[in-house]
Amino acid sequence: MSSTTEPTTETTGLDLSDVDHRVGKPIGGGQLWDPCSTSDIRRWAMAMDNPNPIHWNEEFARQSRYGGLIAPQSIAVALDYGHGAAPACVGHIPNSHLIFGGEEWWFYGTPVRPGDKLFQERRFHDYKVADTKFAGPTMFSRGDTTHTNQHGALVARERSTAIRYLTAEATKRGMYDNQVGVVKKWTNEELIEIEALRREWLLSNRLGVSPRYDEVKVGDTLPRRVIGPHSIASFTTEYRAFLFNIWGTFEWVAPEGIDDPWVYQDPGWGEGFGFDEEDAKIDPRKRDGLYVGPSRGHIDAEKAGEVGMARAYGYGATMGAWCTDFLANWAGHDGMVRHTKADFRAPAFEGDVTYFDAEVIDKRPESEWGVPLVQIKLRLTNQDGAGLVSCTAEVELPL
């Protein structure tokens, strides 16, 4: 067992009997049938509110060093099954649910282009159980995914953290009910101010000019960004850009030589939050995820309440992608994000906005990547200053 405690069903309330024997083992999961298309890239950029023209404007991209469209660095999570969290959600835990706890990414300088196809190797790393205000006994489990393309080139690695808990306990405690209140009503003046800041960031580095390593100083700040107000429309737009949510886009695969590989077994979701894989062969809504499935609480306040969330809320994988692409756009065409570690502290709720504030906190002329790096601290907060994400990243810049 890799947990930091010695939990049992009696002491945790979580039935972990189907979890322990899977720790450290490779697992299976979904694999997309089709290569990544230009529309997949454009849809992802649009859903993430990413204005960088190298991801969607053919004429602009052909004049760039890449000679054509490339995907945002974050797209590996959109081309993966289960929002990248599949290897962290392993084992059947009855009457449980999952929210995202964080992501750590490493990027190896292989851009994803139209026509590329990513393949994933997944492994359930470990877990621990802690007592939380949100849901009492709560599992924090971690899983690893390696993304390679059709040529075998390493594109990215991810370590995701899943937070698994008993829905009845989270609902009874109602932590978010007490914290987030009702959906905020914005005045027209406030909305104009938000849109002005959003517009300023959209225009901040459209040409992809990279800051030079020597020009950047510790203490420099990045252009501030805002997204929102978040809505059912924005959550749905984000969800539809993850390709595995589209009917028939993937097949199930399993690693060779592993007895009982975790491929598409039931994680133990509550009633109405699981997929119906058999009936989905006839009815697309049975595994859509929003109509029926584990993501329906993201757009349905009543269903959100059944899993301990106060109202409709955004996706952890989206917040991780926001962080990566915010930093990549600042790094420009001659720079790139090498590493991010993002801890998700709270979701982006319906009606809220999310601010991005980032500062250069260190510089390293030499690194294990063989390139100079700047280290950046990025915080995502809502309009009340409550922390949503704390992210530390290493970004490569040209000399």
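Reader: Which element gives the largest share of the lining of the second largest pocket, and how do you know that?

Author: In this predicted model, where local features need pLDDT of at least 70, side-chain atom pairs count only at pLDDT 80 or more and totals for linings use all residues, the largest share, 3 residues, comes from α10. Residues are numbered from 1 along each chain as its sequence is written, and side-chain values use heavy atoms, without hydrogens and water. Helices (DSSP runs of H or I, at least four residues) and strands (E, at least two) are numbered from the N terminus, and β6 (154-166) and α10 are the elements giving two or more residues to this lining.

Reader: What makes a residue such as Y66 part of the lining of the second largest pocket?

Author: A pocket is an open set of points on a 1 Å grid over the protein atoms alone, where a 1.4 Å probe fits, with protein on both sides within 12 Å along at least five of seven lines, and a lining residue has an atom within 4 Å of a point. Of the 27 residues that line the second largest pocket, Y66, I70, Q73, G335 and M336 lie nearest its centre, so Y66 meets the 4 Å condition.

Reader: What volume does the largest pocket have, and which strand gives the most to its lining?

Author: The space filled by probe spheres set on the points, which are joined across faces, edges and corners, is the volume, and for the largest pocket it is about 980 Å³. Its lining has 50 residues, with A85, C89, L98, F100 and W269 nearest the centre, and β3 gives the most, 5 residues.
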